[in-house]
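Student: I'd like to learn how to read helix packing and nonpolar cores in a model. Could we work through one together?

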Amino acid sequence: MAALDHQHQVAGYRGVGRDVTQSTMAEQRAHALARYDSLTGLPNRNMFLGELDRTIARARRLAASFAVCFIDLDRFKIINDTLGHGAGDELLRTMATRLRDAVRDSDLVARLGGDEFVVLLEGDPSAADLDTIGDKLLVAIGEPLTIQGRVFLVTGSIGIGLYPRDGEDAATLLK
């Protein structure tokens with residue numbers, strides 16, 4: 001509220017202020033946790049499924065296609081069970097980085113949970129493009145990895161679904 005002097009000119013302002021920095025930061029953290037995987041920093045299942053639904057709607061409207069690559073790390077449980085969850089977490093963080101680096105910036109890489117990742121590839125990819133991308137992802141996964149002083153060769157399995165050929169809804173494409 002404006003404070004006036006004896007000539008009715010604004011001499012200053014009077015009011016109550018409150019610092020909302022902490023509550024704003026807490027709200028931002030909660031929003032991030034709801035959308036991003038806390039271990040890898042990748043989008044999580046919820047964020048991915050929302051983006052997949054939007055991509056399906058856009059592709060349907062534009063008569064376009066896109067691909068979903070479902071990636072599962074082979075024998076991840078063995079590393080987790082023999083070296084502990086810390087080693088498993090390190091492996092997952094490394095794989096997240098490798099997968100993100102193996103695709104275009106415009107492609108979405110997400111962690112669905114456990115050792116499952118998914119890549120959303122827009123832009124009407126051809127069969128040759130999908131073969132190349134699948135090979136590139138498998139090579140990235142298969143690079144030697146050192147955890148706790150031991151070298152591991154990790155392998156992965158990839159399934160690729162092409163919209164609309166292989167499915168027209170999220171559940172079918174993820175199968």
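Tutor: Let's go through helix pairs, then cores, then a single residue, keeping in mind that this is a predicted model.

Student: Let's start with helices. How are α4 and α5 oriented to each other?

Tutor: You look at the angle between the axes, and over 145 degrees counts as roughly antiparallel. Helix α4 (residues 85-102) and helix α5 (residues 127-142) pack at about 150°, with their axes 9 Å apart. They are therefore roughly antiparallel to each other. The crossing of α4 and α5 is right-handed.

Student: Which residues make that contact?

Tutor: On the α4 side it's M95, R98, L99 and A102, and on the α5 side K136, L137, A140 and I141. Sorted by character, the residues of this contact are six nonpolar, two charged and no polar.

Student: And at what angle do α3 and α4 pack?

Tutor: About 140°, with axes 6 Å apart. That makes α3 and α4 oblique to each other, therefore, with roughly antiparallel reserved for angles over 145 degrees. Here F76, I79, N80 and L83 of α3 meet H85, A87, G88, L91 and L92 of α4. This contact of α3 with α4 has six nonpolar residues, three polar and no charged.

Student: On to cores. How many residues does the largest nonpolar core have?

Tutor: A core is a set of buried nonpolar residues linked through their side chains. The largest one in this model has 31 residues, and those with the most contacts inside it are L73, L91, M95, F117, V119, L137 and V154.

Student: Which element supplies the largest share of this core?

Tutor: That's α4, with seven residues. At least two residues each come from β3 (66-73), α3 (76-83), α4, β5 (116-121), α5 and β6 (145-147).

Student: What does M95 touch, if I skip its neighbours within four places in sequence?

Tutor: M95 is in contact with L73, F117, I141, L145 and V154. Another core, of 14 residues, lies apart from the largest one, and its members include I56, V68, Y163 and L173.

Student: Now one residue: where does F70 lie?

Tutor: F70 sits in strand β3. Under 20% relative accessible area would count as buried. F70 comes out at 22%, so F70 is partly exposed.

Student: Which residues does F70 touch, not counting those up to four places away?

Tutor: F70 touches L112, E116, F117, V118, S157, I158, G159 and L174. Take E116: 46 residues separate F70 and E116 along the chain, yet their C-alpha atoms are 7.3 Å apart.

Technical notes:
Residues numbered from 1 in each chain as written. Predicted model: local features only at pLDDT ≥ 70, side-chain atom pairs only at ≥ 80, totals over all residues. Heavy atoms only, no water. Axes fitted to C-alpha atoms, helices over the stretch in contact; angles between N-to-C directions. Helix = DSSP H or I, 4+ residues; strand = E, 2+ residues; numbered from the N terminus. Parallel < 35°, antiparallel > 145°, perpendicular 65-115°, else oblique. Left-handed = near helix turned anticlockwise from the far one by under 90°. Contact = heavy atoms within 4.5 Å. Nonpolar A, V, L, I, M, F, W, Y, C, P; charged D, E, K, R; others polar. Core = buried A, V, L, I, M, F, W, Y, C linked by side-chain atoms within 4.5 Å. Buried < 20%, exposed > 50% of the residue type's maximum accessible area, 1.4 Å probe, protein only.
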